[in-house]
Amino acid sequence: MIRLTDLHKSFGNNAVLRGVDLHVPKGESMVVIGGSGTGKSVLIKCILGLITPDSGVIEVDGQDVTEADRDAFLARFGMLFQGGALFDSLPVWQNVAFRLLRGSLKRPKSEAREIAIEKLRRVGLSSDVADRLPAELSGGMQKRVGLARAIAANPEIIFFDEPTTGLDPIMAGVINDLIREIVTEMGATAITITHDMASVRAIADDVAMLHAGKVRWSGPVSKMDDSGDPYLHQFITGSAEGPIEAIR
Ligand SMILES: Nc1ncnc2c1ncn2[C@@H]1O[C@H](COP(=O)(O)OP(=O)(O)OP(=O)(O)O)[C@@H](O)[C@H]1O
């Protein structure tokens, strides 16, 4: 369970988060949407402790994250970064097993490799990909490798940052379906940031829309189309007409 209460964060006079409240129950898939610059990445970075909020409380399973042991806390998270963020000089399997080869999750090398190959298989990649370099793979394959890395240590909580950016619609659909399947089978709590409405519909149990520093609307994905909220409606229909300024 992740709970954010009255989270504030400014950079100079740019007040990005202005009282964000958000609750993600255990095992649920929450998708956060909102225009560019509304603070979606800042929100995730606050949860991970990469950015310190100015005020507000972040709890994971009822514990205030500022009181948690850092290593043990981070070991519970998996993250699929925007653009994959693979290490070019490391073979695919070492990218997948990155966190299993060092730090508190460290395993013997042969075991880490075995886990990497199993996770690669889970995302639809065969073992002969393991010793290739990321640059030798297509964008869709790299995204799968990033996904395999995110789940390598069986995290309880997974963040997906723009998981389909740069992929063609068919590959995006494949990645969306994989994310949904994996989150369900792992029983993980997931938070996804995306602009891709197809992703929202494929991945979300619940949706939260950030606007003007707050959660403008949140609710089950099934209620999104009939929310009656003009901001959400404009966003999901991609319309230039509506309360959200199209020029930013
Ligand atoms: N470390 C930082 N220092 C100063 N300003 C920052 C920092 N990180 C983010 N910001 C600002 O916070 C605002 C929100 O940024 P953020 O990256 O969270 O937006 P976003 O909603 O994820 O946007 P996008 O959809 O375009 O990725 C922006 O105005 C950005 O310039």
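The buried residues of helix α5 pack against β6, α3 (92–96), α4 (109–122), β7 (157–161) and α6 (169–186). That's in a predicted model, so read everything here as computed from it. Beyond α5, there are two open sheets to look at, one of 6 strands and one of 4 strands, plus a ligand with a shell of residues from Phe11 to Val42.

**Helix α5 and its surroundings**

- Of the 13 residues in α5, 11 are buried, so the helix is largely enclosed by the rest of the structure.
- The buried ones are Met141, Gln142, Lys143, Arg144, Val145, Gly146, Leu147, Ala148, Arg149, Ala150 and Ile151.
- The length checks out too: α5 covers residues 139–151, and at 1.5 Å a residue its 13 residues should span 18 Å, which agrees with the 19 Å between its end C-alpha atoms.
- As a reminder on helix geometry, an α-helix has 3.6 residues a turn, so residues three or four places apart point the same way.
- Just past this helix, in the loop between α5 and β7, sits asparagine 154. Its phi is near 45 degrees, a positive value in a residue other than glycine.
- Asparagine 154 counts as exposed because it has just 12 other C-beta atoms within 10 Å, and the cut-off for exposed is 12 or fewer.

**Leucine 120 in α4**

- Leucine 120 lies in helix α4, and with 25 other C-beta atoms within 10 Å it is buried.
- Leaving aside residues up to four places away in sequence, leucine 120 touches Val96, Leu125, Ser127, Val129, Ala130 and Ala148. Ala148 is one of the buried residues of α5.
- Leucine 120 and glutamate 241 are 121 residues apart along the chain, and their C-alpha atoms are separated by 44 Å.

**The 6-strand sheet**

- The strand order is β6-β7-β8-β3-β9-β10, in an open sheet with mixed pairing.
- At the edges are β6 (77–80) and β10 (214–220), each pairing on one side only. From one strand to the next, the twist averages 15 degrees.
- Strands β3 (residues 29–33) and β9 (residues 206–211) run parallel and are joined by 4 bridges. Here valine 32 stands opposite alanine 208 in β9.
- Helix α8 (residues 230–237) lies across β3, β9 and β10, at about 105 degrees to β9.
- Serine 29 belongs to strand β3 and is buried, with 23 other C-beta atoms within 10 Å.
- Not counting residues up to four places away in sequence, serine 29 touches Val183, Ala190, Ile203, Ala204 and Asp205.
- Serine 29 is 53 residues from glutamine 82 in sequence, and the two are 18 Å apart in space, C-alpha to C-alpha.
- In the loop between β9 and β10 you'll find alanine 212, another residue other than glycine with a positive phi, near 55 degrees. Alanine 212 is partly exposed, with 13 other C-beta atoms within 10 Å.

**The 4-strand sheet**

- The other sheet is also open, but its pairing is antiparallel, in the order β2-β1-β4-β5. Its edge strands are β2 and β5 (63–64), each pairing on one side only.
- Strand β1 (residues 2–11) pairs with β2 in the antiparallel sense over 8 bridges. Two of the facing pairs are leucine 4 with leucine 22 and histidine 8 with arginine 18.
- The β1–β2 hairpin has 2 residues between its strands, and glycine 12 in the turn has a positive phi of about 60 degrees.
- Between β1 and β4 (residues 55–60), which run antiparallel, there are 5 bridges. In that pairing, threonine 5 stands opposite valine 57.

**The ligand shell**

- Around the ligand are Phe11, Asn14, Val16, Gly34, Ser36, Gly37, Thr38, Gly39, Lys40, Ser41 and Val42. The elements giving two or more residues to this shell are β2 (14–24) and α1 (40–48).
- Helix α1 makes the largest contribution, 3 residues.
- By type, the shell divides into 3 nonpolar, 7 polar and 1 charged.

How values were computed:
Residues are numbered from 1 along each chain as its sequence is written. This is a predicted model: local features need pLDDT of at least 70, side-chain atom pairs count only at pLDDT 80 or more; totals for chains, interfaces and linings use all residues. A residue is near a molecule or strand if its C-beta atom, placed from the backbone, lies within 6 Å of it. Ala, Val, Leu, Ile, Met, Phe, Trp, Tyr, Cys and Pro count as nonpolar, Asp, Glu, Lys and Arg as charged, and the others, Gly among them, as polar. Two strands pair if DSSP finds at least two bridges between them. Axes are lines fitted to C-alpha atoms, for helices over the stretch in contact, and angles run from 0 to 180 degrees between N-to-C directions. Two residues are in contact if their C-beta atoms, placed from the backbone, lie within 7 Å. The expected span of a helix is 1.5 Å times one less than its number of residues. A residue is buried if 20 or more other C-beta atoms lie within 10 Å of its own, exposed if 12 or fewer, and partly exposed in between; C-beta atoms are placed from the backbone.
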